[in-house]
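Subject: The structure we talked about

Hi,

Here is the structure I promised to pass on. Open it up next to this email and follow along as I go through what turned up.

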Amino acid sequence: MSRHYAVFGHPVSHSLSPRIHAAFGKQAGIAIEYSAIDVEPSGFDAALQDFAARGGAGANVTLPLKEAAYALCSDTTERARRAGAVNTLIRNGDAWHGDNTDGVGLVRDLTERQGLDLRARRTLLLGAGGAARGVAPALLDAGIGDLFIVNRTPARADALADMLGQPGRVHVRYLDDLRNLGEFDLVLNATTAARDGGSFPTLPRSLLGRRSAAVSLSYGEAAIPFLAWARAQGAHESIDGLGMLVEQAAESFARWHGTRPDTDRIYGELRAESARLVTAD
Ligand code: NAP
């Protein structure tokens with residue numbers, strides 16, 4: 001019998017999660033039904049109840065619902081608590097257990113697939129939304145050096161730094177300060193700037209050097225402006241969020257089904273398609 005899973009978001013029709021989980025299920029020999037459910041924040045609670053009534057056993061949650069998902073869970077993992085955001089829901093009787101697999105997904109992609117040694121890297125995190133909250137604790141746990149957080153709305157960067165709770169290591173700066181911060185070993189773009197055709201904020205050249213890695217949590221066209229800028233500055237690596245997407249999905253799959261799928265094959269397929277998309281442009 002198929003088990004029901006879904007990704008909730010708004011918008012969500014672009015999501016690759018149904019395809020990734022179908023591939024994982026096939027590989028593991030587990031019959032799963034995984035759909036995409038588009039719902040605005042105001043309707044999320046009711047949509048999730050309806051999903052549970054129809055036999056929903058687990059769900060992923062994406063933009064802009066991760067903080068709402070955290071709020072409705074009866075209990076959460078430590079990493080979800082540290083993020084204040086949930087991207088993976090696991091049905092537990094009449095309640096939902098919440099986890100956040102974004103951080104482990106990013107770190108696994110960067111260290112295991114891309115071969116980056118994150119230890120002691122002076123790091124700049126652009127953004128302080130749900131994704132930034134998910135990845136910041138995992139980056140600290142992976143051993144990065146000082147973490148600078150810069151966000152368009154400074155209060156959200158302050159809240160993230162407070163949540164991380166490592167005042168000597170985590171620093172908040174304003175966008176206008178970027179030109180005075182010097183060079184970083186790792187610069188991550190966790191913003192939605194440049195999505196939907198918007199423009200990406202102008203960043204100073206001084207942020208990146210020849211040994212720096214630039215990482216966009218976005219993938220596809222949304223990742224292009226930031227990564228093109230990074231390559232133009234001579235960054236050593238420019239990495240999009242496709243590997244993170246596949247790895248966070250694998251971690252969710254492991255939470256639901258108790259088995260970790262191999263991610264190389266579906267990653268290779270999606271990467272080849274993404275390269276064709278960029279070349280076609
Ligand atoms: P979010 O919670 O809506 O946060 C958006 C962030 O972008 C906020 O920090 C926001 O700043 C900033 N921002 C938006 N427009 C901006 C602009 N024009 N200039 C500067 N900053 C701007 O979104 P999210 O969930 O964190 O997602 C962020 C990105 O990560 C998305 O592109 C998402 O697709 C990607 N992501 C990828 C994965 C993956 O598996 N690869 C997983 C999660 C997320 P304010 O606070 O000032 O509004």
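Let's start with a loop. Ala120 sits in the loop that runs between helix 5 (102-113) and strand 7 (123-126). What is the phi of Ala120 near? It is near 65°, which is a positive value in a residue other than glycine. One thing to keep in mind as you click around: this is a predicted model, not an experimental one.

Two prolines are also worth a look. The peptide bond that leads from His10 into Pro11 is cis, and its omega is near 0°. You'll find Pro11 in the loop that links strand 1 (3-9) to helix 1 (17-28). Further along, Leu63 and Pro64 are joined by a cis peptide bond too, with omega about -5°. Pro64 belongs to the loop between strand 3 (56-61) and helix 3 (66-72).

Leu63 brings us to the ligand, since Leu63 is among the closest residues to it, along with Ala131, Asn151, Thr153 and Ser218. In total, 25 residues surround the ligand. How do the residues of this shell divide into nonpolar, polar and charged? There are 10 nonpolar, 10 polar and 5 charged ones.

Now zoom in on the oxygen atoms of the ligand. One oxygen atom is 2.5 Å from an N or O atom in the side chain of Thr153. With Ala131, the partner is a polar backbone atom, 2.8 Å from an oxygen atom of the ligand. Thr192 also takes part through its backbone: an N or O atom there lies 3.0 Å from a ligand oxygen. How much of the ligand does the protein bury? On its own the ligand exposes 920 Å², and the protein buries 83% of that.

Which elements give two or more residues to the shell? They are helix 6 (130-141) and helix 9 (242-257). Helix 9 supplies the largest share, with 3 residues.

Finally, zoom out to the whole chain. The domain assignment splits the protein chain into domain 1 (4-101 + 248-263) and domain 2 (103-242). Notice that domain 1 is written as two stretches of the chain. Why does the ligand lie between the two domains? Domain 1 and domain 2 both give residues to the shell around the ligand, so it lies between them.

The domains also touch each other: 15 residues of domain 1 are in contact with 17 residues of domain 2. The area buried between them is about 1200 Å², and carbon and sulfur atoms give 46% of it. Taken over C-alpha atoms, the centres of the two domains are 25 Å apart.

Have fun exploring!

Note on methods. Residues are numbered from 1 along each chain as its sequence is written. This is a predicted model: local features need pLDDT of at least 70, side-chain atom pairs count only at pLDDT 80 or more; totals for chains, interfaces and linings use all residues. Side-chain values use heavy atoms; hydrogens and water are left out. A residue is near a molecule or strand if one of its heavy atoms lies within 4 Å of it. A polar contact is a pair of N or O atoms within 3.5 Å; within protein, one must be able to donate a hydrogen and the other to accept it, and residues adjacent in sequence count only if both atoms are side-chain atoms. Accessible areas come from the Shrake-Rupley method with a 1.4 Å probe; for residues, only the protein chains shown count as cover. Helices (H or I, at least four residues) and strands (E, at least two) are DSSP runs, numbered from the N terminus. Ala, Val, Leu, Ile, Met, Phe, Trp, Tyr, Cys and Pro count as nonpolar, Asp, Glu, Lys and Arg as charged, and the others, Gly among them, as polar. Domain bounds come from an automatic or database domain assignment. Contact means heavy atoms within 4.5 Å. Buried area is the accessible area (1.4 Å probe) that two parts lose on being put together, summed over both.
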